[in-house]
Structure formats: C-alpha cells, structure tokens
Amino acid sequence: MDSIISDSYAVYFNENAFQALNEHLTKKKYSIIFILVDENTHELCLPNFMAEINGDYQFEIIEIESGEINKNIETCVGVWEALSELGADRKSILINLGGGVLTDMGGFIASTFKRGIDFINVPTTLLSMVDASVGGKTGIDLGALKNQIGVINQPVMVLVEPDFLDTLEERQIRSGFAEMLKHGLIQDTSYWNALKNTTSLEDMKSHILTSIQIKNKVVLQDPTEQSIRKILNYGHTLGHAIESYFLENETKEMLLHGESIAIGMILEGYLSNKLLELSNESLADIKTTFLNRYDKVEFSNEDIENILKLMKYDKKNSHGKVNFVLLKSIGEPVFDIEIPVELFAEAFAYYKV
C-alpha cells in the first residue's frame, strides 16, 4: 500500500510520496513555497528532500530551534513575521519538515496565518510518522503545559519517507517506538506481541504503516475527539504531566515524549489492573516490556505531588474531573475513567519496584 486516506487528505509512503508532492505542486502553482525546518532537519533532511522536487519554484527556507522547549507562541510569532517579511500570501504553502514538535507547530502557524494557508507535513522522526502524521491536531505549549493552544486542521497531504529515520539517534527512535507499542495496547494484541520482539530499525520501519492505519481508523470514527478518539491518549494523562514536570524543572534531565508516556503506560496499566479487569499477567507484561527498553526514572514524593498537580491541565478533563483511558485487557481500552486519589501513590510505588 502506497497511501492511506484520512479524512480530507492522504498519507503517502516512500517514492509514492514525492510523486504525489510533485503532482500537487505542479497543479496548484503556489506563489511561494515555504519550508519550515529546524537546525537538524535543515542539515540532515532538507538536501535530500529538495533533490526529490521537480520543477522551478520560488522557495524560502525558515529555520527554528529544535526541541519541545521551543514549541511556544514566541517561536510562532517569529515564523509569522518571517512569512510576512518574505512576502507570503494566501496562495503560499508551508511545508513542515521535521519531527512532531515542528509539524504540530508548523500546522498551527499555517492554520492561523492570514486565516489559513495550505500546509504539508513531512515527518522525519518515528514519533511524528506514527503519531503526528494523522489526526489534524496542531498546536503549541503554554509554558510547560503541553498542547494547550491549537486547532484541529488537516494538511493538504502527509509524506512519510522512512529513510529519514536513518538520521536519528537511538534515543529518538525509542521515543517514537513507545507510541507504536501504545497502538498495540489499545487495539491489537497480535500487533503488541509482534512489536515486543522488534529490535532493529528496519523491523520498526516495516511496522510504521500498521501504526498509522490503527490511528487513522480511530481518528476517522471521531475526528474532534468527543468519544472513541480519546483511547489514543492511553498513558498520556500521567505521561504528559511527567513530561511537563521534567521540562519545567531545571534540576531534572528533560524526558522525551515517548520516555514519559512509557512511564505513563505502566502507571495507567496498574490503575487498569486495580479498577478494571486487566490481568496480573498482562500488567506484568506491560511493565517488563517498557522497562526492558526505557531506563527507570527516580521519583521523590515531592516529584509525584507536583506531577499530580499538573494533571488538572490535561485536555481530556471536563467539569473539573481528571479523566483516564484504561485497559480492560490488552487491545480493549475504556475512556473517561475517574481514579480514586489514593491509587496514584500505589501506581508510582508499583513502578518503582
């Protein structure tokens, strides 16, 4: 399969991706093609990307600094100003070449510049390929609070070229792989079991399509996250709070998104075991699988207290209640579950053992 149809656009793979891009650029005749990069994708990905484009177009490259810490309104203002100064109009397009931080933010920038210009996402990390490529979520952080500002707006297309992954360090690959493992936990036991035995990057590349198909199937049922789409947030309620806490705390080493949600999936697995029917065997399987791939993080009682305070900002909350996605079994999620407060300390204690 060379493409996946999602809502109003398609996700194209491998050589089919650049064929679709060239056909689109020829047809649309954009006034200016802007490409948003960070310092890493500018050096490692942009030359290969440009080599695949056929035709004589006016290009402008805009570079931002990489990292979650720069996913904020100040960066957006800088890009909006650059677009303005370089003559962008409503017939321009923004191509976002980078990881999830860049594609989330680039989509938001394009969706709001002159009330919306076309954008194309070209994810270059495993995380952005299997997670940010589908769903139309765009946005930025508010301080250390993740994804508080944004809109749901679809790109023109998404291009997935797995060879871009060859430029990544192993830690970034592992971060993205956590989202793939999540897809198995919420939808497909056999996929979960296959991923557990995946060791090489080439094996991971072969599973990218399946992960995108799983997410796309869920998103198509619930584009604006009113119900079933919430299951994609398994591990994220506590995981996002952990990620935010380590991002804003200067005494802590920052955790990547996948590293944070890996912890979240163990913690929320424990809650699933206590509140639903998730078996002891499945809980142990989840914990072992993640701890075999991700280093254990130390949490003091003060850390845990501050992390739990951050949960109140989670986007899935409503009417002052913190809502969780839990598992009845591997492949069978349940959403909008409230958690008794005393279980949080137990969950962290289980993780620490």
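**Exercise 1. Describe how strand 9 is placed among its neighbours.**

*Solution.* Step 1: strand 6 and strand 9 run parallel and are joined by 2 bridges; two strands count as paired if DSSP finds at least two bridges between them. Helices (H or I, at least four residues) and strands (E, at least two) are DSSP runs, numbered from the N terminus. The model is a predicted one, in which local features need pLDDT of at least 70 and side-chain atom pairs count only at pLDDT 80 or more, while totals for chains, interfaces and linings use all residues. Residues are numbered from 1 along each chain as its sequence is written, and side-chain values use heavy atoms, with hydrogens and water left out.

Step 2: the bridge partner of Ile-120 in strand 9 is Met-157.

Step 3: strand 2 also runs parallel to strand 9, through 4 bridges. Here Tyr-12 stands opposite Leu-159 of strand 9.

Step 4: both faces of strand 9 are covered, since Met-157 and Leu-159 on one side, and Val-158 and Val-160 on the other, are all buried. Buried means under 20% relative accessible area, exposed means over 50%, and partly exposed lies in between (1.4 Å probe, protein chains only).

**Exercise 2. State the order of the strands in the open sheet, and explain why strand 1 and strand 4 each have one side without a neighbour.**

*Solution.* Step 1: the open sheet has 7 strands in the order 1-2-9-6-5-3-4, with mixed pairing.

Step 2: strand 1 (3-6) and strand 4 (59-64) stand at the edges with a single partner strand each, so one side of each has no neighbour in the sheet.

Step 3: on average, neighbouring strands of this sheet are turned by 20 degrees against each other, direction ignored. Axes are lines fitted to C-alpha atoms, for helices over the stretch in contact, and angles run from 0 to 180 degrees between N-to-C directions.

Step 4: at the strand 4 edge, strand 3 (residues 33-38) runs parallel to strand 4 and is joined to it by 6 bridges. Val-37 stands opposite Glu-63 in strand 4.

**Exercise 3. Determine which strands are touched by helix 5 and which by helix 9.**

*Solution.* Step 1: helix 5 (residues 100-112) packs on the sheet and touches strand 3, strand 4, strand 5 (93-98) and strand 6 (118-123). The direction of helix 5 makes about 170 degrees with that of strand 5.

Step 2: helix 9 (residues 201-221) packs on the sheet and touches strand 1, strand 2 (9-13) and strand 9 (157-160). Its direction makes about 15 degrees with that of strand 1.

Step 3: Val-101 lies in helix 5 and is partly exposed, at 21% relative accessible area. Leaving aside neighbours within four places in sequence, Val-101 is in contact (heavy atoms within 4.5 Å) with Gly-67, Glu-68 and Lys-71.

**Exercise 4. Locate Lys-29 and Lys-114, and state whether each is buried, partly exposed or exposed.**

*Solution.* Step 1: Lys-29 is in the loop between helix 1 (14-28) and strand 3. Its phi is near 50 degrees, a positive value in a residue other than glycine. With a relative accessibility of 66%, Lys-29 is exposed.

Step 2: Lys-114 is in the loop between helix 5 and strand 6. Lys-114 likewise has a positive phi, of about 50 degrees, although it is not a glycine. With a relative accessible area of 39%, Lys-114 is partly exposed.

**Exercise 5. Describe the hairpin formed by strand 10 and strand 11.**

*Solution.* Step 1: strand 10 (residues 324-329) and strand 11 (residues 332-337) run antiparallel and are joined by 4 bridges.

Step 2: Leu-327 stands opposite Pro-333 in strand 11.

Step 3: there are 2 residues between the strands, and Gly-331 in the turn has a positive phi of about 95 degrees.

**Exercise 6. Compare the radius of gyration of the chain with that of a compact globule.**

*Solution.* Step 1: the globule rule is 2.2 Å times the number of residues to the power 0.38, and the radius of gyration is taken over C-alpha atoms.

Step 2: for 353 residues a compact globule would have a radius near 20 Å, and the chain agrees with this, at 20 Å.

Step 3: buried residues make up 56% of the 353 residues. The chain has 14 helices and 11 strands.
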